[in-house]
Amino acid sequence: MSNILLVTACALVDTDNRILLAQRPEGKSLAGLWEFPGGKIEQGETPEESLVRELKEELGITTQTACLAPLTFASYAYEKFHLLMPLFICRKFEGIPMPQENQTLKWVRPEKLRDYPMPPADEPLIPVLQDLLR
Ligand SMILES: Nc1nc2c([nH]c(=O)n2[C@H]2C[C@H](O)[C@@H](COP(=O)(O)OP(=O)(O)OP(=O)(O)O)O2)c(=O)[nH]1
Ligand SMILES: [Mg+2]
């Protein structure tokens with residue numbers, strides 16, 4: 001299966017070590033599940049540029065590529081594509097995240113991440129964040 005979809009995602013972390021999750025709205029694939037903000041990398045973008053753009057579009061916040069540190073990645077075979085999703089961590093950003101695309105946002109403590117159903121691809125990312133932020 002060679003149909004790889006490249007998506008960048010961000011663990012946005014606040015000064016309290018909480019992580020921002022976004023609930024995918026009705027009408028989108030995986031609706032109702034909680035995800036890390038981000039989206040598909042567009043033609044000509046680096047992963048970091050893509051994520052800076054997505055964070056502005058989805059949350060209305062501003063950050064810089066230098067404020068995005070690689071943390072881990074997800075690799076998961078969905079039925080229609082294989083998801084390859086680098087997960088960056090970002091602690092430095094300007095503005096207060098506000099839903100720009102009809103999603104619900106929630107700051108979640110690392111030990112509570114399992115209370116929020118996530119897409120299957122995200123499952124292995126949870127312990128990485130919990131180990132880092134504990
Ligand atoms: N952003 C994000 N996408 C995820 C996560 N986990 C996961 O399986 N995905 C999947 C869902 C989608 O198939 C794909 C990302 O698509 P998306 O809907 O966020 O893409 P996008 O922001 O560019 O939105 P759109 O314009 O295509 O609607 O990756 C995650 O934690 N964050
Ligand atoms: Mg998105």
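**Exercise 1. The core.** Which residues have the most contacts inside the largest nonpolar core, and how many residues does this core have?

*Solution.* The model is predicted.
- Step 1: count the members. The largest nonpolar core has 28 residues.
- Step 2: pick out those with the most contacts inside this core. They are Cys10, Ala11, Leu12, Ile19, Leu87, Phe88 and Cys90.
- Step 3: assign the core to elements. Those giving two or more residues are E1, strand E2 (19–23), H1, E6 and H2.
- Step 4: take one residue, Ile19. Leaving out residues up to four places away in sequence, Ile19 touches Ala11, Leu12, Val13, Val108, Pro110, Leu113 and Leu129.

**Exercise 2. The sheet.** Determine the strand order of the sheet and name its edges.

*Solution.*
- Step 1: read the order. Four strands are arranged as E4-E1-E6-E5. The sheet is open, and its pairing is mixed.
- Step 2: find the strands that pair on one side only. These are strand E4 (38–40) and strand E5 (69–77), the edge strands.
- Step 3: add the twist. From one strand to the next, it averages 20°.
- Step 4: examine one pair. Strand E1 (residues 4–12) and strand E6 (residues 82–90) run parallel, joined by seven bridges. Within this pairing, Leu5 has Leu83 in E6 as its bridge partner.

**Exercise 3. The helices.** State which strands H1 and H2 lie across, and at what angles they run.

*Solution.*
- Step 1: place H1. Helix H1 (residues 47–59) lies across E1, E4 and E6. Its angle to E1 is about 60°.
- Step 2: place H2. Helix H2 (residues 125–133) lies across E1, E5 and E6. Its angle to E5 is about 160°.

**Exercise 4. The ligand shell.** Describe the residues that surround ligand 1.

*Solution.*
- Step 1: count them. The shell has 15 residues, and the closest are Glu35, Gly38, Gly39, Pro119 and Ala121.
- Step 2: trace their elements. E1 and E4 are the elements that give two or more residues. E4 supplies the largest share, three residues.
- Step 3: sort by character. Seven are nonpolar, three polar and five charged.

**Exercise 5. Lys106.** Is Lys106 buried or partly exposed?

*Solution.*
- Step 1: locate Lys106. It sits in strand E7 (residues 104–108).
- Step 2: apply the cut-off. A buried residue needs 20 or more other C-beta atoms within 10 Å of its own, and an exposed one has 12 or fewer.
- Step 3: conclude. Lys106 has 15 C-beta neighbours inside 10 Å, so it counts as partly exposed.
- Step 4: relate Lys106 to Val52. The two lie 54 residues apart along the chain, and their C-alpha atoms are separated by 20 Å.

Key
Residues are numbered from 1 along each chain as its sequence is written. Chains are lettered from A and ligands numbered from 1 in the order in which they are written. This is a predicted model: local features need pLDDT of at least 70, side-chain atom pairs count only at pLDDT 80 or more; totals for chains, interfaces and linings use all residues. Two strands pair if DSSP finds at least two bridges between them. Axes are lines fitted to C-alpha atoms, for helices over the stretch in contact, and angles run from 0 to 180 degrees between N-to-C directions. Two residues are in contact if their C-beta atoms, placed from the backbone, lie within 7 Å. A residue is near a molecule or strand if its C-beta atom, placed from the backbone, lies within 6 Å of it. Ala, Val, Leu, Ile, Met, Phe, Trp, Tyr, Cys and Pro count as nonpolar, Asp, Glu, Lys and Arg as charged, and the others, Gly among them, as polar. A nonpolar core is a set of buried Ala, Val, Leu, Ile, Met, Phe, Trp, Tyr and Cys residues joined through C-beta atoms within 7 Å.
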